[in-house]
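Welcome! Please take a moment with the sequence and the 3D view below before reading on.

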Protein chains: 2
Amino acid sequence: MVVFQKIDEIKSFVTGLKKMGRTLGFVPTMGYLHEGHLALVREAQRGCQAVIVSIFVNPTQFGPQDDFDRYPRDAERDLRMLEEEGVDAVFMPPVLEMYPQGYVTYVTLKGLTDSLCGRSRPGHFDGVATVVTKLFNIVRPDKAFFGQKDGQQVLVIRKMVDDLNMEPEIVTVPTVRQPDGLAMSSRNSYLKAEERKAAPVLYGGLTAAQAAFDGGERNPQRLCKIALDMLAREALARVDYVEIRSLPNLEPVAIITRPVLLAAAVYFSKTRLIDNIVLDPGNSL
Amino acid sequence: MVVFQKIDEIKSFVTGLKKMGRTLGFVPTMGYLHEGHLALVREAQRGCQAVIVSIFVNPTQFGPQDDFDRYPRDAERDLRMLEEEGVDAVFMPPVLEMYPQGYVTYVTLKGLTDSLCGRSRPGHFDGVATVVTKLFNIVRPDKAFFGQKDGQQVLVIRKMVDDLNMEPEIVTVPTVRQPDGLAMSSRNSYLKAEERKAAPVLYGGLTAAQAAFDGGERNPQRLCKIALDMLAREALARVDYVEIRSLPNLEPVAIITRPVLLAAAVYFSKTRLIDNIVLDPGNSL
């Protein structure tokens, strides 16, 4: 496994892979890896002949109130895990390598980014779109792999790739969960013991709504209410949002006749966790 | 010469060229071609093994008050000229092919775009950056060729390519002029006979400042004043701006010690013409 910190160096490495005709899978991460990331890596290995992982805590997707400074980092452990997975190369640029003095260019979406996490975190998805554009231009992958847990992020990136005629195919990989249902997240490391115990209520709320949906409920407000009621019973949970939105455009939905995204964000103290599921009415209509 | 209107089709064509290992030169235009465009094509042919020209009047770089609707178009003549030059392929997409229903993604620069033409035409350079990003992703050129006449545009595109780690090398080609000094521009076709006669005063003002500069004048305000004075003597000319800015960041300059851009925009009736020259103090400092 080769580790690159310089853009020029990984670009040369990629050029070499391309000359050998190898299909290239890319897994962009912010490090502090967990089983969710490894699921992306394994999916990339199944679909591609070479796999590159990036580790970069991207400052432009954090707001001034966000947790950029305290975001968990452990490069040594990350590299050990990726080596064990048989990853071909890791790209870990310093911040100034990605955003040198005088940096001014941003990719921005005038839709899809003003609801859900975009409303709670203004500018977040522009930061994501910008860094993913840069990483795609540097790594030039055939396929890029993203977790379903960051559902809105996947939709934003797909839309950007489509609008800007970018090359990579975007592959979504199902959310990996702890046995109690909590979605894997680097931010779970922030949780105190009692918060960690309470946190599965996030997925619990979503699955309660899923159960009502499976029982025939098609009204988004009533389904969200079921999730909200469950979350309200957990004193440590403070809801940011619980919403049902259309796919792939994240528009409000009056009544569910097609697959929709049920997404939620919940605070435990300062720790903001997100999760989502797709509610699919199947071919009933 | 092959003409493509569909993104997928030119992408396949480009993939074929790449497989043959041919270096690819790209000349993006808005059509209504003149000798300035042909100079770009010829420079591309000198530097590359295959040349693609795009013809696309890009709506996102026109403001609501701008001349998108009346911008001159003559596809038949353009194609004839490009065929004669021996261009390999032309990409002429319809607007909806480039910006389908629901398009939302833009590339934006938070610097370089608020002075000169960017001040007169808010949003213009975001439209340019967006369409050039799309075209680069579609055509994947090794080199792309732009005219010096659109000086700020070249600087914006270079900065964007640099910031977003895009592949193409940006090549600037000197401005082609009519015998009386007027820079070639598709918009010259708007000029009435008397305006066409008056229009060389734009370059005249710039060269008057150049003469003073060559005589040792290094004060930007005094140099601009010389150009402005000459423009003031032409009743048909209404100045938008005459400015001296640093290269490549277009910052204000107190005293000229390095190469600077002297740029101007002047209206003749509703027709807005631009021109620029570089004032280079050489190695004197």
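The report below walks through the two chains, their contact, their sheets and a few local details.

This is a predicted model, in which local features need pLDDT of at least 70, side-chain atom pairs count only at pLDDT 80 or more, and totals for chains, interfaces and linings use all residues. Residues are numbered from 1 along each chain as its sequence is written, while chains are lettered from A and ligands numbered from 1 in the order in which they are written.

**How the two chains relate**

Let us start with the pair as a whole. A turn of 180° with a shift of 0.0 Å along the axis lays chain A on chain B with an RMSD of 0.0 Å; the superposition is by least squares on the C-alpha atoms of residues with pLDDT of at least 70 in both copies. The two copies are thus related as by a two-fold rotation axis. In chain A, the C-alpha nearest this axis belongs to A:V107, at 2.3 Å from it.

**Where the chains meet**

Chain A brings 22 residues to the contact and chain B brings 22 residues; two residues are in contact if their C-beta atoms, placed from the backbone, lie within 7 Å. On the side of chain A that touches chain B, the elements giving two or more residues are β5 (105-109), α6 (124-139) and α7 (151-163) of chain A. Helices (H or I, at least four residues) and strands (E, at least two) are DSSP runs, numbered from the N terminus. With five residues, β5(A) gives the most to this side.

By class, this side of chain A has 11 nonpolar, six polar and five charged residues. Here Ala, Val, Leu, Ile, Met, Phe, Trp, Tyr, Cys and Pro count as nonpolar, Asp, Glu, Lys and Arg as charged, and the others, Gly among them, as polar.

Of the interface residues of chain A, 100% are also interface residues in chain B, so the copies meet through the same surface. Strands join across this contact too: β5(A) and β5 (residues 105-109) of chain B pair in the antiparallel sense over five bridges, where pairing needs at least two bridges found by DSSP between two strands. One of the bridge partners is B:T108 in β5(B), matched with A:Y106.

**The sheets**

Each chain also has an open sheet with parallel pairing, set out here.

| Chain | Strands in the sheet | Order | Edge strands |
|---|---|---|---|
| A | six strands | β1-β4-β3-β2-β6-β7 | β1 (2-4) and β7 (169-173) |
| B | six strands | β1-β4-β3-β2-β6-β7 | β1 (2-4) and β7 (169-173) |

In chain B, β1 and β7 each have a single partner strand, so one side of each is left without a neighbour in the sheet. The twist in the sheet of chain A averages 25° from one strand to the next; axes are lines fitted to C-alpha atoms, for helices over the stretch in contact, and angles run from 0 to 180 degrees between N-to-C directions.

Within chain A, β2 (residues 24-29) and β6 (residues 143-147) run parallel and are joined by two bridges. A:F26 stands opposite A:A144 in β6(A). Packed on this sheet is α7(A), which touches β6 and β7 of chain A, and its direction makes about 170° with that of β7(A).

In chain B, β6 (residues 143-147) and β7(B) pair in the parallel sense over five bridges. There, B:F145 stands opposite B:V171 in β7(B).

**Two helices that cross**

How do the axes of α9 (residues 201-214) and α10 (residues 220-232) of chain A cross? They come within 8 Å and cross at roughly 145°. Among the residues making this contact are A:G204, A:A208 and A:F213 of α9(A), with A:L223, A:A227 and A:M230 of α10(A). The contact of these two helices has 12 nonpolar, two polar and no charged residues.

**Local backbone details**

A few smaller features are worth a look. After α1(A) comes A:G21, with a positive phi near 75°. A cis peptide bond, with omega about 0°, joins A:L247 and A:P248. A:P248 lies in the loop between β8 (237-246) and β9 (260-268) of chain A. That loop of chain A also holds A:L250, a residue other than glycine whose phi is positive, near 55°. In chain B, a cis peptide bond joins B:L247 and B:P248, again with omega about 0°.
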